[in-house]
Amino acid sequence: MSTTTISAPQRSARGSLTFTGVLRSEWIKFRSLRSTQLLLAFTFLAVVGVGTMAAWVQAMSLEQTMTNGMGMGMPGAPVEPMTLSQAEAAMGFNIYAIPNAGLQIGILILGALAVLLISSEFGTGMIRSTMTAVPKRLPAFFAKAVVLVVVSYVLTLLAAVATTLIAMPIFSAYGIDISFGLDGVVYSILMGGLYVAGVALIGLSLGTLLRSSAGGIIVLVVVFFLLDVGTQLMQLMPGEFWKYFNQYVPSVAGGRMLEIHDKGAFISPYVGGLIFLGWILLFMIPAVISLKVRDV
């Protein structure tokens, strides 16, 4: 009597799971949805549209201030012509920030999209298939993060360049020159993309932690819009601490990161960037731990 020995099948090295493969899978999932494509197109148009409107309003206001002073040409107001720099200071404008004039709507839409990218999988149960295909879990999270960072950065960059190109003739019509060579314009374009990419990472982290699309988007709005208003009201409280507390919320610190000059009684752009990075890690680290240890 003879015995036949059957050897156990061995996994092919070519079939081993790699981060590149996970990243490719997440990119296919992201771009294959028609709704996502339309949302990105709408976001681009909205950011450029709001930026164009802001450019027109700022150019008109600066021209009137330069011509008439703070009286803005009102009947009976004294005429006190100003230089461009004086008008900028008086109106609180930074011309080099024009590329990011529509950034807030991009933050809201792309941040919400980041929440939905993973919370929708929890809602439909698709996350089980994702984690079955990627047992270590974290590569799937970081692949989603890479996709979001690249898409958010590129989209914001293109929108900022388009806004600047449209703003040039608008400002020129009011006798004000703006170009890519103006100090701070290129810096503003590059950093604006990083700011939105950071918001997308926070949105992805919120979606992972809360596993709820509505809950994640609500918290995102609170963190980037309502928290600023709330901390401004805290300035009415006695004590030096509350006077400067507003500067450390994500939206204000991130906004300072986009500026090029130091201001008295304000954190520097470099410190603002570090604080914003701290906020990203504050949400991202618990999200990674939660995804690793909680059941899906």
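This section describes salt bridges in a predicted model. The structure contains 5 salt bridges. Several share partners, and these are taken in turn below.

Glu 26 pairs with Lys 29. Their closest N and O atoms lie 3.2 Å apart. Both residues belong to helix H1, which spans residues 19-31. The two positions are 3 residues apart, about one turn of the helix. Their exposure can be stated for each residue. Glu 26 is buried, at a relative accessible area of 6%. Lys 29 is partly exposed because its relative accessible area of 24% falls between the 20% and 50% limits.

Glu 26 also forms a salt bridge with Lys 144, with an N to O distance of 2.9 Å. This contact links distant parts of the chain. Glu 26 sits in helix H1, whereas Lys 144 sits in helix H6 (residues 138-173). The separation is 118 residues. Lys 144 is buried, with a relative accessible area of 1%.

Lys 144 meets a further carboxylate partner, Glu 121, at 2.6 Å, N to O. Glu 121 lies in helix H4 (residues 103-124) and Lys 144 in helix H6, so this pair ties together parts 23 residues apart in sequence. Both Glu 121 and Lys 144 are buried.

Shared partners join these contacts. Glu 26, Lys 29, Glu 121 and Lys 144 form one network of salt bridges. Within the network, Glu 26 bonds to Lys 29 and to Lys 144, and Lys 144 in turn bonds to Glu 121.

Notes: Residues numbered from 1 in each chain as written. Predicted model: local features only at pLDDT ≥ 70, side-chain atom pairs only at ≥ 80, totals over all residues. Heavy atoms only, no water. Salt bridge = Lys/Arg side-chain N within 4 Å of Asp/Glu carboxyl O. Helix = DSSP H or I, 4+ residues; strand = E, 2+ residues; numbered from the N terminus. Buried < 20%, exposed > 50% of the residue type's maximum accessible area, 1.4 Å probe, protein only.
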